[in-house]
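Me: I'm new to this structure and would love a close look at one part of it: the aromatic rings and what surrounds them. Please walk me through it in one connected answer.

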Amino acid sequence: MTGRPFAAIPTCMNTCRCRLPWKAARTASTFLVILGILLGRSADARTAPTPVNVVLVHGFWDTGAIFDPLVAILEKQGCHCFAPSFCPNDFRDGVRAETLQLSAAVDRRFGQRAPLVFVCFSMGGLVARDYVENFGGERRTSGMLFISTAHLGTVWAAASPRPGVRELGIRSAFIRALNARVGAMERIPVRAYWTPFDLVVLPATNARWPFAKGMSQSVLCPTHSRMVRNSDVMADIAARIRDWSQRP
């Protein structure tokens with residue numbers, strides 16, 4: 001025979017037939033890997049918990065910085081924390097003036113609808129309650145934690161020269177009105193931390209949650225001011241916020 005050898009033809013054909021299926025298999029394998037990654041990311045997005053928005057409200061003569069140790073703990077578990085500082089912080093203009101500041105600050109930071117958990121220290125608890133009970137905050141509040149807040153007032157407040165502080169008096173019009181509206185908080189989970197050694201809230205038992213049983217926790221902390229950084233209190237707050245965030 002003359003011309004190109006016959007044996008060369010099948011060799012070339014066999015080579016092409018071997019390469020084409022291998023390339024197709026490699027392409028299919030790559031596609032499946034990419035699809036698996038995309039589906040995995042989609043599933044993670046569906047199952048990942050939504051970060052909790054935590055608003056921390058300070059008390060008399062304090063600033064938001066008083067919550068720094070607690071904020072560090074909460075941010076490690078994925079919370080979005082916001083601890084605004086009132087100005088002035090001596091409640092000279094009354095609790096309602098601080099409530100208006102809180103409402104405006106919260107709306108700027110989280111908008112008007114995002115759900116919130118409040119962590120409150122001392123008089124800050126009354127500010128947060130005023131916001132929830134009288135400014136529509138109950139619609140977006142998914143939990144409230146109070147640290148040494150005088151829910152029934154305190155004896156010494158009546159002697160203060162500041163009108164805003166006198167609102168904390170046991171028989172003050174503000175305390176009576178606030179407690180008359182507590183039904184607005186009926187659906188909201190609450191925890192109140194108090195110490196029997198409190199000399200700011202007098203009697204100390206007024207820092208317990210008085211409207212339902214089982215919502216108060218006694219802590220053997222030596223002073224009112226140390227409660228906000230007490231390790232047991234901070235650990236329990238972090239655990240409760242984590243638990244509340246996992247509820248349907």
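Reply: Happy to! Seven aromatic pairs are counted in this model, which is a predicted one. Let's begin with Phe 60 and Phe 91, whose ring centres are 6.5 Å apart with planes at 40°, so this pair is tilted. The two rings come from distant parts of the chain: Phe 60 belongs to the loop between S1 and H2, Phe 91 to the loop between S2 and H3, and they are 31 residues apart. Their surroundings can be read from accessibility: Phe 60, at 21%, is partly exposed, while Phe 91, at 0%, is buried. Both are members of one aromatic cluster, along with Trp 61 and Phe 86.

Now for another pair. The rings of Phe 146 and Trp 209 have their centres 5.6 Å apart and their planes at just 5°, so they count as stacked. Because Phe 146 sits in strand S4 and Trp 209 in the loop between S5 and strand S6, this pair ties together parts that are 63 residues apart in sequence. Both Phe 146 and Trp 209 are buried. Beyond its partner ring, Phe 146 touches residues including Cys 120, Met 185, Val 190 and Tyr 193.

Phe 146 also leads us into the largest nonpolar core, which has 34 residues. Phe 146 is one of those that touch the most other members, a group that also includes Val 55, Val 57, Leu 102 and Phe 118. Among the elements giving two or more residues to this core are strand S1, helix H3, strand S3 and strand S4. There is a second, separate core of 26 residues, with Leu 56 and Val 119 among them.

Strand S1 is worth a stop on the way. Five of its five residues are buried, so S1 is largely enclosed by the rest of the structure. In a regular strand, side chains alternate between the two faces of the sheet. Here, Asn 53, Val 55 and Val 57 point one way from S1, and Val 54 and Leu 56 point the other way. S1 runs parallel to strand S2, joined to it by three bridges, and Val 55 stands opposite Phe 82 of S2. Between these two strands the chain passes through helix H2, making a right-handed β-α-β crossover. S1 also pairs with S3 in the parallel sense, over four bridges, where Val 57 has Cys 120 as its bridge partner.

One last ring: the charged end of Arg 208 sits over Trp 194, 5.3 Å from the ring centre.

Technical notes:
Residues are numbered from 1 along each chain as its sequence is written. This is a predicted model: local features need pLDDT of at least 70, side-chain atom pairs count only at pLDDT 80 or more; totals for chains, interfaces and linings use all residues. Side-chain values use heavy atoms; hydrogens and water are left out. A nonpolar core is a set of buried Ala, Val, Leu, Ile, Met, Phe, Trp, Tyr and Cys residues joined through side-chain atoms within 4.5 Å. Buried means under 20% relative accessible area, exposed over 50%, partly exposed in between (1.4 Å probe, protein chains only). Contact means heavy atoms within 4.5 Å. Two strands pair if DSSP finds at least two bridges between them. A crossover is right-handed if, with the strands pointing away from the viewer, the path from the first strand over the helix to the second runs clockwise. Rings of Phe, Tyr and Trp (its six-membered ring) pair if their centres lie within 6.5 Å; planes under 30 degrees apart count as stacked, over 60 as edge-to-face and the rest as tilted. A charge sits over a ring if NZ of Lys or CZ of Arg is within 6 Å of the ring centre and within 35 degrees of the ring normal. Lists of a residue's contacts leave out its neighbours within four places in sequence.
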